[in-house]
Amino acid sequence: MQSFSTLASLASFGSFSSSQSNVNLTQNSDEIQQRAVFIGQLRAITKEFLQTNNNDSLITFDANHELVIALFNVFLQIFKHGLREIKGTYFEFLMQVQNPSEELTTLFAQAKWLARQFIAPELKTKVLLGLTLNSQLIVNCFQSITFDKNLLNIWYLDWAFLRSEEDVSVILSLLMCINDLKFLIQLPNTAQPTPEK
């Protein structure tokens, strides 16, 4: 998976020199190019999912399947991209998302409950992704995550992937292609908490 640099904060006192401005423009350009890399990776993963499913319509994708691992890794990079880390982790951001349906509200509450045993945000987030894939709600989940523009503005810089409506639209189209596939991602346990009011 290709690595990418984190954009340095532009908030400083005084004016930027011409050389500083050029560096910042280059960094912005690199981050925008990284968004295209994410889309390219998801296109390839989606294509492989569909081809694999066409070859074996009874296949069930579990957490150890190489395509599921690749999908998780791309999503984790997307959630990190442009995150204002001073606010917290991307899992903390996800847990602040207000879901429009009772089904998603319950799912997010369950993810929070199941993820409590983990410390690393990537492990916590994989629990949420596993639940949404198992429930065939990955499209609805991603729509909810990107719906609240005010929340996104608070947690993410303006060049972040999640704040690009064009890129988000492409991702939603790709996710629609795999939303109804059969996933069986093993979860930490099967507790069913009551959604928080």
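This section describes the fold, the helix packing, the nonpolar core and two loop residues of a predicted model.

The chain contains eight helices and two strands. Read from the N terminus, the order of elements is α-β-α-α-α-α-α-α-α-β. Of the 197 residues in the chain, 42% are buried. Among contacts with a separation of 6 or more, 74% are between residues 24 or more positions apart.

The largest nonpolar core holds 56 residues, and those that touch the most other members are F49, F79, F93, Y156 and L162. Two or more residues are given to this core by each of α1 (18-55), α2 (66-80), α3, α4, α5 (121-134), α6 (138-147), α7 (149-155) and α8 (165-178). Helix α2 supplies the largest share, ten residues. For L162, once residues up to four places away in sequence are set aside, the residues touched are I78, F79, F93, F142, I145, T146, L152, Y156 and V168. This list includes F79, F93 and Y156, which are themselves named with L162 as residues touching the most other core members.

Three helix pairs were examined for packing geometry. The axes of α4 and α5 approach within 9 Å and cross at roughly 140°. This angle makes α4 oblique to α5. The crossing of the two helices is right-handed. On the α4 side, the residues in contact are L107, F108, Q110, A111 and L114, and their counterparts in α5 are V127, L128, L131 and T132.

Helix α5 also packs against α2, at an angle of about 120° and with the axes 11 Å apart. The pair α2 and α5 is therefore oblique, and the crossing is right-handed. The α2 residues L71, F72, F75, L76 and F79 meet E122, T125, K126, L129, G130 and L133 of α5. Of the α2 residues in this interface, F79 is also in contact with L162.

For α6 and α8, the axes come within 9 Å and the crossing angle is roughly 165°. Angles over 145 degrees count as roughly antiparallel, and α6 and α8 are therefore roughly antiparallel to each other. Helix α6 passes α8 in a right-handed crossing. The contacts join I138, V139, F142, Q143 and T146 in α6 to V168, I171, L172, L175 and M176 in α8. From this interface, F142, T146 and V168 also touch L162.

Two loop residues were considered individually. N99 lies in the loop between α3 (90-94) and α4 (102-114). With a relative accessibility of 16%, N99 counts as buried, because buried means under 20%. The side chain of N99 forms a polar contact of 3.3 Å with the side chain of S144. When neighbours within four places in sequence are left aside, N99 is in contact with L104, T105, F108 and S144. One of these residues, F108, also belongs to the α4 side of the contacts with α5.

Q136 is located in the loop between α5 and α6. Although Q136 is not a glycine, its phi is positive, at about 55°. The relative accessibility of Q136 is 35%, and Q136 therefore counts as partly exposed.

Terms used: Residues are numbered from 1 along each chain as its sequence is written. This is a predicted model: local features need pLDDT of at least 70, side-chain atom pairs count only at pLDDT 80 or more; totals for chains, interfaces and linings use all residues. Side-chain values use heavy atoms; hydrogens and water are left out. Helices (H or I, at least four residues) and strands (E, at least two) are DSSP runs, numbered from the N terminus. Buried means under 20% relative accessible area, exposed over 50%, partly exposed in between (1.4 Å probe, protein chains only). A polar contact is a pair of N or O atoms within 3.5 Å; within protein, one must be able to donate a hydrogen and the other to accept it, and residues adjacent in sequence count only if both atoms are side-chain atoms. Contact means heavy atoms within 4.5 Å. A nonpolar core is a set of buried Ala, Val, Leu, Ile, Met, Phe, Trp, Tyr and Cys residues joined through side-chain atoms within 4.5 Å. Axes are lines fitted to C-alpha atoms, for helices over the stretch in contact, and angles run from 0 to 180 degrees between N-to-C directions. Angles under 35 degrees count as roughly parallel, over 145 as roughly antiparallel, 65 to 115 as roughly perpendicular and the rest as oblique. A crossing is left-handed if the near helix is turned anticlockwise from the far one by less than a right angle, and right-handed if clockwise.
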